[in-house]
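Work through the exercises below with the structure in view. Try each task before reading its solution.

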Amino acid sequence: MDDVSPLDQQTLAVYRAILFHKQHDPDKLAELLDIGRDDVHMALTRLSDLSLLAPSGDSPGTLRAVNPSLGLKVLLQREQDELAWRQQRIEQNRAALAALAAEYTASAGSGSDGSEQLDNVDEIRIRLEALAESCQQESLVFHPVGGLTKEAIEASRPLNERALARGVRFRSIYLDSAVNDRVTRAHAQWMAEHNSEIRTSPTLPMRLLIIDTTAAIVANLPGQTGPAALMFHSRPVVLAMRALFEAYWEHATPFHQQSPDEDPQGLTPQERKLLQLLATGLTDEAVARALGIGVRTERRIMAELMERLGASSRFEAGVQAARRQWI
């Protein structure tokens with residue numbers, strides 16, 4: 001789906017000229033604003049795409065300014081439709097992977113395709129260490145837990161350091177709520193400072209590690225109990241899992257290294273994410289689960305944001321947040 005261009009200062013100036021000066025002619029707008037005629041045409045096209053300009057009924061062939069609240073409502077609906085489309089694609093990938101896992105479980109586990117089941121913690125740890133040492137190009141990881149333990153981080157740090165020294169590229173996706181955990185955030189910060197790419201997502205379907213295009217380990221699959229994991233060496237299976245990772249990576253949020261008080265709008269990462277999740281149409285309960293907080297806390301934060309925005313409803317808060325570029 002096509003992206004909608006944001007409102008820049010030049011585009012806003014054209015909108016205000018039409019609104020306040022009742023000026024519609026591109027040449028006169030260019031002269032009034034001291035900008036090029038092509039720039040005026042680009043701004044008019046952008047404003048029309050954003051539904052902030054509409055054909056005039058009084059002066060055929062010209063455009064009139066539309067109430068920003070109405071125009072942004074259309075824009076927000078477009079973005080919500082795009083998010084729904086992306087979520088549908090992720091769910092399709094998730095269903096395909098779940099079907100693959102079910103076929104594997106039902107296949108009597110012969111391992112003829114190079115796959116195997118790992119049944120205990122020690123066996124999993126041995127495989128993970130061997131894979132980490134064999135990695136030459138890229139390591140992709142899902143971390144579907146609220147926070148990492150110090151012990152797990154300390155155990156993985158030497159492996160990560162050696163891999164980074166070999167030029168291995170790390171890309172990891174954590175839960176949004178995980179970066180609220182001090183230990184996990186510090187580890188993500190360390191990885192980011194060592195040229196690793198970190199993003200966060202509201203949800204993740206499983207624990208996943210992919211090494212190059214040679215191996216993948218999955219755990220915490222639906223219906224799976226205990227510390228068991230599945231390891232795959234089949235290239236088509238590994239490539240399918242990489243495709244799943246890329247689908248989540250595409251819509252995940254980049255990990256921000258700045259502290260909350262450095263945010264240009266004065267928002268904490270939690271406040272900004274709450275607004276983004278509400279804009280997708282999630283309920284209070286779903287937003288609270290994604291953020292790893294209680295519903296009462298989520299509602300209190302939202303009430304404070306509405307007061308700061310001067311909004312009397314959540315929809316109005318969404319419009320005001322979009323106008324201020326908070327989301």
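**Exercise 1.** Is glutamate 271 buried or exposed?

Solution.
- This is a predicted model, and every value here is computed from it.
- Glutamate 271 has a relative accessibility of 12%.
- Buried means under 20%, so glutamate 271 counts as buried.

**Exercise 2.** Find what the side chain of glutamate 271 meets in a salt bridge, and which parts the pair ties together.

Solution.
- The partner is arginine 308, at 3.4 Å from N to O.
- Place both ends: glutamate 271 is in helix 9 (residues 269-279), and arginine 308 is in helix 11 (residues 295-309).
- The pair therefore ties together parts that are 37 residues apart in sequence.
- Arginine 308 has a relative accessible area of 37%, so this residue is partly exposed.

**Exercise 3.** Helix 11 also holds arginine 299. Which residue forms a salt bridge with arginine 299?

Solution.
- Glutamate 285 does, and the closest N and O atoms are 3.4 Å apart.
- Glutamate 285 lies in helix 10 (residues 284-291), so the pair ties together parts 14 residues apart in sequence.
- Now check accessibility. Glutamate 285 is partly exposed at 35%. Arginine 299 is partly exposed at 41%.

**Exercise 4.** Which residues do salt bridges with shared partners join into one network?

Solution.
- The network consists of Glu138, Arg169, Arg171, Glu197, Arg242 and Glu246.
- Take one of its links: the side chains of arginine 169 and glutamate 138 meet at 3.1 Å, N to O.
- Arginine 169 belongs to strand 5 (residues 169-175) and glutamate 138 to strand 4, so this salt bridge ties together parts 31 residues apart in sequence.
- Arginine 169 is partly exposed, with 37% relative accessibility.
- Glutamate 138 is buried, with a relative accessible area of 9%.
- For the full count, the structure holds 12 salt bridges.

**Exercise 5.** How many aromatic pairs does a search of the whole structure find? Classify the pair of phenylalanine 142 and tyrosine 248.

Solution.
- The search finds 3 aromatic pairs.
- In the pair of phenylalanine 142 and tyrosine 248, the ring centres are 5.4 Å apart and the planes stand at 65°.
- Planes over 60 degrees apart count as edge-to-face, so this pair is edge-to-face.
- Phenylalanine 142 sits in strand 4 (residues 138-143) and tyrosine 248 in helix 8 (residues 235-251), so the pair ties together parts 106 residues apart in sequence.
- Phenylalanine 142 is buried, at 0% relative accessible area. Tyrosine 248 is buried too, at 1%.

**Exercise 6.** Classify the pair of phenylalanine 245 and tryptophan 249, then name the cluster that ring pairs form.

Solution.
- The ring centres of phenylalanine 245 and tryptophan 249 are 5.7 Å apart, with planes at 20°.
- Planes under 30 degrees apart count as stacked, so this pair is stacked.
- Both residues lie in helix 8, 4 residues apart, or about one turn of the helix.
- Phenylalanine 245 and tryptophan 249 are both buried.
- Ring pairs link Phe142, Phe245, Tyr248 and Trp249 into a cluster.

**Exercise 7.** Which arginine lies over the face of tryptophan 249, and which one has its charged end over the ring of tryptophan 190?

Solution.
- Arginine 171 lies over tryptophan 249, at 5.1 Å from the ring centre.
- Arginine 171 is also one of the residues in the salt-bridge network.
- Over tryptophan 190 sits the charged end of arginine 157, 3.9 Å from the ring centre.

Terms used
Residues are numbered from 1 along each chain as its sequence is written. This is a predicted model: local features need pLDDT of at least 70, side-chain atom pairs count only at pLDDT 80 or more; totals for chains, interfaces and linings use all residues. Side-chain values use heavy atoms; hydrogens and water are left out. Rings of Phe, Tyr and Trp (its six-membered ring) pair if their centres lie within 6.5 Å; planes under 30 degrees apart count as stacked, over 60 as edge-to-face and the rest as tilted. Helices (H or I, at least four residues) and strands (E, at least two) are DSSP runs, numbered from the N terminus. Buried means under 20% relative accessible area, exposed over 50%, partly exposed in between (1.4 Å probe, protein chains only). A charge sits over a ring if NZ of Lys or CZ of Arg is within 6 Å of the ring centre and within 35 degrees of the ring normal. A salt bridge is a side-chain nitrogen of Lys or Arg within 4 Å of a carboxyl oxygen of Asp or Glu.
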